[in-house]
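Biologist: Could you show me the model? I would like to ask about its aromatic rings.

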Amino acid sequence: FGEFVGNGARYVFNDESLALVNHQLATRGNPFPLDYHHATKKVEDGTATRAPAAGFISGFEVDNGFVYGLVSWTELGAPDVASGAFAFISPVFGYAAQPSNFLEPQQVLSFHSFALTNKPGISFQRQIGQEATSNPDNKKVVQEASRMDKELLIKLLGLAPDATDAQVQTALESTVSRARLGNLVMDSLELKPESLETPETRGRVMRLAAFEGLGQQVTELRAELEAERGNRNSERVTTTLTAALEAGRVLEPQRAYWQKQLETDFDSARVALEGMPAVVPTKPVQTGTANKTAVLEEDQAKINAMLGVSQDSFLKYNGGDK
């Protein structure tokens, strides 16, 4: 009541304004509509086709510095206001322009309609709410609507009729999670809502699930076979390399080289080893001379050095006294 700001402009609703709007109500003979988001104005402007009423305002009064409309709520509007879904009122009003004095606020002269909104143009407006249930008749409407909503919700969730609020909430959370997954499947498969209940669609989803399970099994089997193949390959590399060492085709300093070749290209490395001549005898040479002295010739010493054979080993396996 008094001066207020609406959409950045200054207005005033005073005692004269209160008398004017109450007279307007008495003259028109019909209450002011209280719609949603100014649907009544939009219908008149041609930008909307329907303007459902949340309630009807049949009078005005001032209390504790605020202007109140006396509302008869509809079954549509009462639950929305009582639940807090809509918190404010937005009026469409006529006012007196005062071009001769821009310092004075413009006076409210009449009302056109009102709308429920959560983003009102009027600053510092008092939030509406419990007024919707202060009237016994409206309270009954709200309670009945809430009861019907809960019964329908319980039925849709497949719960027992006496389900508690906690059970309803748990079922709702589960349903929402499943719905999100369902939406992902629908988007991925480019499914239309009208096709979800057909056997063809359900069969398609079953096939995809089967393929996914089969794919997992194939992956696990491949991993097992790969591990088994690795074990077999390691065994045959060790066996082949040991045989080559015992046959004298490979010397100990060459073990790492031939192991790498066998692991990289087993068949080629095996053929190469089979074609290698024996470098040293596999058994010591027995001799009847007790104190025979072996002297390495210069060329033989170079060959031994290239092959990584020590002097002691050469003498031992070539008739020396070592």
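Modeller: Here are a few questions and answers about ring pairs and burial. This is a predicted model, where local features need pLDDT of at least 70, side-chain atom pairs count only at pLDDT 80 or more, and totals for chains, interfaces and linings use all residues. Residues are numbered from 1 along each chain as its sequence is written, and side-chain values use heavy atoms, with hydrogens and water left out.

Biologist: How many aromatic pairs does the structure hold?

Modeller: Rings of Phe, Tyr and Trp (its six-membered ring) pair if their centres lie within 6.5 Å. By that rule, the count is 15.

Biologist: Are the rings of Phe1 and Phe13 stacked or edge-to-face?

Modeller: Planes under 30 degrees apart count as stacked, over 60 as edge-to-face and the rest as tilted. The centres of Phe1 and Phe13 are 6.4 Å apart and the planes stand at 70°, so the pair is edge-to-face.

Biologist: Is Phe13 buried or exposed?

Modeller: Buried means under 20% relative accessible area, exposed over 50%, and partly exposed in between (1.4 Å probe, protein chains only). Phe1 has 37%, so Phe1 is partly exposed. Phe13 has 4% relative accessibility, so Phe13 is buried.

Biologist: How many residues apart are Tyr36 and Phe86?

Modeller: The ring centres of Tyr36 and Phe86 lie 5.2 Å apart, with planes at 70°. Tyr36 is in strand 3 and Phe86 in a loop (strands are DSSP runs of E, at least two residues, numbered from the N terminus). The pair links distant parts of the chain, and the separation is 50 residues.

Biologist: Which ring lies under the charged end of Arg236?

Modeller: A charge sits over a ring if NZ of Lys or CZ of Arg is within 6 Å of the ring centre and within 35 degrees of the ring normal. For Arg236 the distance to the centre is 4.1 Å, and the ring belongs to Phe266.

How values were computed. Helix = DSSP H or I, 4+ residues; strand = E, 2+ residues; numbered from the N terminus.
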